[in-house]
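Student: I would like to look closely at one part of this model, the helix packing in the first chain. Could you walk me through that part, and then set it in its surroundings?

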Amino acid sequence: MNKILPSVLLFTGLIVVSILIDLLLHSIGIAWIGRYFGILGTALIITSFIYSLRKRKLITAGQPKSLLNLHETLGWLGGVMIIVHGGIHFNAVIPWMALFAMVVVIASGLTGKYLLTEVKGDLKDRVVELKERGFTPEEIERDVLFQSLLVGKMQKWRKVHMPLNAIFMALALIHIIGTLLMWSWR
Amino acid sequence: MRTLYFFLATLLLGIAAVVTAPYYAINPGVLSHGHEDLKNDCMKCHSLAAGAVTDKCLECHKRESIGLKPVKAGTNFEPSQRNNLLHRNITEIECVTCHLEHTGDTKNLAIKKFSHQIIATSTREKCSACHDYQKPKDELHTLVKDECGKCHNTENWKEATLDHESLGAEKANCSNCHEKDKPADDLHASLAKGEQCAACHTTSAWKPSTFDHTKYFVFDRNHPETCTNCHTSGTGYKQYTCYNCHEHSEAKIARKHQKEGIADFTNCVKCHRSGDEDAAKGKGEGEGGREGKRENKGGEREHEGGED
C-alpha cells in the first residue's frame, strides 16, 4: 500500500489541481488564458522527454536519475496545464482523444513509478536473502541477476507505456497542426 | 519499431478523420446558427495559417447589404440601418475583431462588446457617417454643423459639453434655444425682445452674470443696493428715478442745474455715475461741455447704456 500511495496521490492531485485552476480562471474571468496553457503544457512535456533522449543515449549530458525526476515533474505539470487548456468542453473528437490519451499516459507513467519502487524493494529483499544464504558481496552484486529482475518487470510495463505515448503524441500532433493551420497568428 | 507503428497508425486515422469530418474532428466550438451549413467546409471562412479572413467573410456578407438584406433568403432577419452604416464605414478592422465564431449557436455569443477605441481615429472622428440618422431633430442639433465628437464622447453620450462656437453666427441668438430658460423676474422681463443674454452672461459659465451695476451707477452709503429705491415704476429695471429722497426733489435739482446752465438734466446717470457730485461728467468743462439742451424734464428716465 505504501508503495502505490504516492502514485495514487499524484494522479488524484493532477485531476484536483487542474479542476481548481480551471475554476479559479473562470471565477476571475480570465478563462481565455487556458488557451495559452496548451502551449505552455506542450513545452513542459516536450522538455520532459530529455530523459527519453538520455535513456536512449541520444544525449550524454545529465544523470539518468535526475532526468527521470525531471521527466516525472514536468510531465505532471504539463499534464495539469493541458487539462486546464482542454477544460470541460466536448467540441471535437481529436483534441479530446489527445487529452484522454495524455491522462492515460500519465496514469501509465505513475504505474511505472510504482513498479520501479516495487522492483527496487524486490532487489533489496533479494540482497538480504542472498546474504543469509552466505553469498559473498561480489556474488550478490552480480549485475546480471539484478538487471534481469529489473528489466523483466519494467520491460513489460514499457511495452504498454510507449505505444500509449505514441498514440498521445500522434493525436496531439494533429491537434497542434490543425490549430496552426486554422488559427490567425497575426 | 512497434511504438512507431502505433504512432503512424494513429496519425493516419486522425488525418482521415480530419479530412472526412473536420467539424467533428477538430472544430474548437459550435458554429453560430447562420454558419451551420459550413461546418464541414472550414476553408470557406479560413485561410491556411491566417484564420478566418475578412475577404472570405465579405464573399457572402457584402458590406453595402449588411443590415439591409439577409445573406440567405427566408431567415429571421430584421433590417438595421445602424448595422449597415457601421459595416459600410468601418472598413479598417477585421471582422474577427468584433465577431466570434465557434462559440455556440446563439447570435449574442458571436458578437464581442463594441468599443469605439478599436476604430481608427480618422474614422472615429466622422461620427455622422454612422450616427447621422440618430441625430436629434431639435433646434440645437439642427444648428450645429460640427461632428458629434465636438460635444459628445463615446464613453458617456449624455455627458455632452456644448461649445457655443459650434453654432457659428447663430451663437448670438441665445433665445433660439434659451427662451424657455429666461427667468421670469422683473429684470429679465424688462429686456426688450431681441436683447441678447450675452450682454450679461457668457457661454462658458452662466453664473455669475457679467452684469455690472457700476457701469450705470456706483452704490454707496447714501445710494444702497436696494433696487426699489430707484427702480420704482414696476416696469422693469431700465426705468429709474432719482426723485424719491429728500435730497433729490425735482425742484431742488432743477434749480441747481439751471443755475449751472444745464438745460437737460432729465437722465441723471448720463452724467452722474455715482453719488459723488464732483465726479459728474463734464463738471468743470464750462457750459459748452454740458451735453444736451433738451427741455424734457420727466422724473423717470431710461438708461442709455452703461458703456461710454
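Tutor: Happily; what follows starts with the helices of chain A, then turns to the partner chain and to how far the prediction can be trusted.

Please keep in mind from the start that this is a predicted model. The predictor gives the complex an ipTM of 0.85, together with a pTM of 0.66.

Let us begin with the chain as a whole. Chain A is built with 7 helices and 0 strands, so its pattern along the sequence reads α-α-α-α-α-α-α. Of its 186 residues, 26% count as buried. If you take the contacts in chain A between residues at least 6 apart in sequence, 76% of them join residues at least 24 apart.

Now for the close look. Two packed helices are described by the angle between their axes and the distance between the axes. Helix H4 of chain A, residues 64-86, is a good place to stand, and we can view two partners from there.

Take H2(A) as the first partner. This helix covers residues 34-48, and its axis lies 7 Å from that of H4(A), at an angle of about 160 degrees. Angles over 145 degrees count as roughly antiparallel, and H2(A) and H4(A) are therefore roughly antiparallel to each other. The crossing of H2(A) with H4(A) is left-handed. On the H2(A) side, the residues that meet H4(A) are A:Gly34, A:Arg35, A:Phe37, A:Gly38, A:Leu40, A:Gly41, A:Leu44, A:Ile45, A:Thr47 and A:Ser48. On the H4(A) side they find A:Leu70, A:His71, A:Leu74, A:Gly75, A:Leu77, A:Gly78, A:Met81, A:Ile82, A:Val84 and A:His85. By class, this contact of H2(A) with H4(A) holds 10 nonpolar, 9 polar and 1 charged residues. Glycine is counted among the polar residues here, which is worth remembering when you read that tally.

The second partner is H1(A), residues 5-27. H1(A) and H4(A) pack with their axes 9 Å apart and at an angle of about 40 degrees. That angle makes H1(A) oblique to H4(A). Their crossing is right-handed. From H1(A), the residues in this contact are A:Leu10, A:Leu14, A:Val17, A:Ser18, A:Ile21 and A:Asp22. They meet A:Trp76, A:Gly79, A:Val80, A:Ile83 and A:Val84 of H4(A). The classes in the contact of H1(A) with H4(A) are 8 nonpolar, 2 polar and 1 charged. If you want a residue to click on, try A:Val84: it is listed in the contact with H1(A) and again in the contact with H2(A).

Next, the partner chain. Chain B brings 24 residues into contact with 20 residues of chain A. The elements of chain B that give two or more residues to this side are helix H1 (2-20), helix H2 (22-26) and strand S2 (51-52). H1(B) supplies the largest share, with 10 residues. Sorted by class, the side of chain B that touches chain A has 16 nonpolar, 7 polar and 1 charged residues.

How confident is the predictor about chain B? Its mean pLDDT is 81, and 87% of the residues in chain B reach 70 or more. Confidence in chain B is highest in H1(B), at 95, and lowest in strand S4 (residues 300-302), at a mean of 51. Two stretches of chain B have a pLDDT below 50: residues 284-300, with 25 contacts beyond near neighbours in sequence, and residues 303-308, with 8 such contacts.

Finally, a few backbone details in the loops of chain B. B:Ala49 has a phi near 60 degrees, a positive value in a residue other than glycine. B:Ala49 sits in the loop between strand S1 (46-47) and S2 of chain B, and it is exposed, with 12 other C-beta atoms within 10 Å. B:His102 also has a positive phi, of about 60 degrees, without being a glycine. Its place is in the loop between helix H4 (81-89) and helix H5 (121-124) of chain B. B:His102 is partly exposed, with 19 other C-beta atoms within 10 Å. B:Gly104 lies in that loop between H4 and H5 of chain B as well, and it counts as partly exposed, with 15 C-beta neighbours inside 10 Å. The C-alpha atoms of B:Gly104 and B:Ser32 are separated by 5.6 Å, although the two residues are 72 apart along the chain.

Key: Residues numbered from 1 in each chain as written. Chains lettered and ligands numbered in written order. Predicted model: local features only at pLDDT ≥ 70, side-chain atom pairs only at ≥ 80, totals over all residues. Contact = placed C-beta atoms within 7 Å. Helix = DSSP H or I, 4+ residues; strand = E, 2+ residues; numbered from the N terminus. Axes fitted to C-alpha atoms, helices over the stretch in contact; angles between N-to-C directions. Parallel < 35°, antiparallel > 145°, perpendicular 65-115°, else oblique. Left-handed = near helix turned anticlockwise from the far one by under 90°. Buried ≥ 20, exposed ≤ 12 C-beta atoms within 10 Å, placed from the backbone. pLDDT = per-residue confidence, 0-100.
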